[in-house]
Amino acid sequence: ERSWHRCLAFGQRPEQRLAFDCVSAPARARVVEANQSLIQAARPVLEQLGETLASSRYFAVLTDRDGIVIDSHGPIDRADRRADLITRIGADLSERAVGTTAIGAALTELQPVWLHRGEHFFVDTSVYSCAGAPLFGPDGRCIGMLDLTGIETAERPELKHLAAQSARSIENALVQRLPHALLLRLNWPGRALGGQDDGLVCLDADGWVLGSNDAARQMLPQLGLAGAATHAGELFAQRCESWFDLARRSAPAPVEVALWSGLRLQAVPQLPGQPPVAVAN
């Protein structure tokens, strides 16, 4: 409803025909170059989604924070103009350009969404069913979104969950790609470490935070302070030097860490290049 109100405020009307325009070639090149880290981190996830969606007639679209398509994958029928138009690199699928879609809604509301066909603003987009989830970078800012779209096919609201899970995988990959001296995997005691719901915090050699994922920002609210440089000493009630020593001496193993709040987390400190933590059953 909020999206429809925004579209009406833009002066849009549902019966207007859409051109599904692309940005200019120079703008497209700039967008692709500016989002290389996101594109590379997302590629393995998009490939896996392509396999998952293969028999569903849905496909995946990756956009930047402005709703410009930077990649797509899955069973895309290029002979269907409706599929080809929205999966071209550089296609502008922002709310201002194509009205209410999962793309514009996820980027504006900053939460996963599912959109039924008739919930799209324009008649020209009412053939699509789509799920979307925003993507947040290691600094906590929205950097784009992941969209799963089908055309005149069975509606699959459960794809909102798949989109959200896949977005989390992309965000985790972005954090782990940061140049860092130590990676902390965090979770609450009793929770298995090594999965996609781990909190991830990258530190430099002096213990300053370089980036984190959303799970870590929920466990450690200090990480959510926009623009604030944060040291591990502000997060944990113990010195971080011991974690570097532990990571150098042995294979990754969980240790208990105390927070200034009195709560405790379990953590696995990892040096760059160390094998990943085995997921506990």
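These notes describe a five-stranded sheet, a buried strand and a cavity in a predicted model.

1. The sheet. Five strands make up an open sheet, and their order across it is 8-7-6-10-9. Their pairing is antiparallel. At the edges are strand 8, residues 209-212, and strand 9, residues 255-258, each of which pairs on one side only. On average, neighbouring strands of this sheet are turned by 35° against each other, with direction ignored.

2. Strands 6 and 10. Within that order, strand 6 (residues 182-187) pairs with strand 10 (residues 264-270) in the antiparallel sense, over five bridges. To place the two strands on the structure, start from leucine 184, whose bridge partner in strand 10 is proline 269.

3. Helices on the sheet. Helix 10 (residues 241-249) packs on the sheet and touches strand 6, strand 9 and strand 10. The direction of helix 10 makes about 100° with that of strand 6. Helix 7 (residues 159-176) lies across strand 6, strand 7 (199-203) and strand 8. Helix 7 runs at about 20° to strand 7. Strand 6 is thus named in the contacts of both helices.

4. Strand 4 and its partners. Strand 4 covers residues 128-136 and strand 5 covers residues 142-151. Nine bridges join these two strands, which run antiparallel, and tyrosine 128 stands opposite isoleucine 151 in strand 5. The two strands form a hairpin with five residues between them. In the turn, glycine 140 has a positive phi of about 90°. Strand 4 is also joined to strand 3 (residues 113-115), by three bridges and again antiparallel. There, tryptophan 114 stands opposite alanine 131 of strand 4.

5. Burial of strand 4. How many of the nine residues of strand 4 are buried? The count is nine of nine. Both faces are covered. One side carries Tyr128, Cys130, Gly132, Pro134 and Phe136, and the other carries Ser129, Ala131, Ala133 and Leu135.

6. The cavity. The structure holds one cavity of 30 Å³ or more, and the space in the largest cavity is about 120 Å³. Its lining consists of 13 residues, and those nearest the centre are Ile86, Leu93, Thr101, Ile103 and Tyr128. Strand 4 and strand 5 each supply at least two residues of this lining. By character, the lining has eight nonpolar residues, four polar and one charged. Tyr128 links several of these points: this residue is buried on one side of strand 4, stands opposite isoleucine 151, and lies among the residues nearest the cavity centre.

Note on methods. Residues numbered from 1 in each chain as written. Predicted model: local features only at pLDDT ≥ 70, side-chain atom pairs only at ≥ 80, totals over all residues. Heavy atoms only, no water. Pairing = 2+ DSSP bridges. Helix = DSSP H or I, 4+ residues; strand = E, 2+ residues; numbered from the N terminus. Axes fitted to C-alpha atoms, helices over the stretch in contact; angles between N-to-C directions. Contact = heavy atoms within 4.5 Å. 1 Å grid on protein atoms, 1.4 Å probe; cavity = no way out; pocket = protein on both sides within 12 Å on 5 of 7 lines; lining within 4 Å. Points joined across faces, edges and corners; volume = space filled by probe spheres on them. Nonpolar A, V, L, I, M, F, W, Y, C, P; charged D, E, K, R; others polar. Buried < 20%, exposed > 50% of the residue type's maximum accessible area, 1.4 Å probe, protein only.
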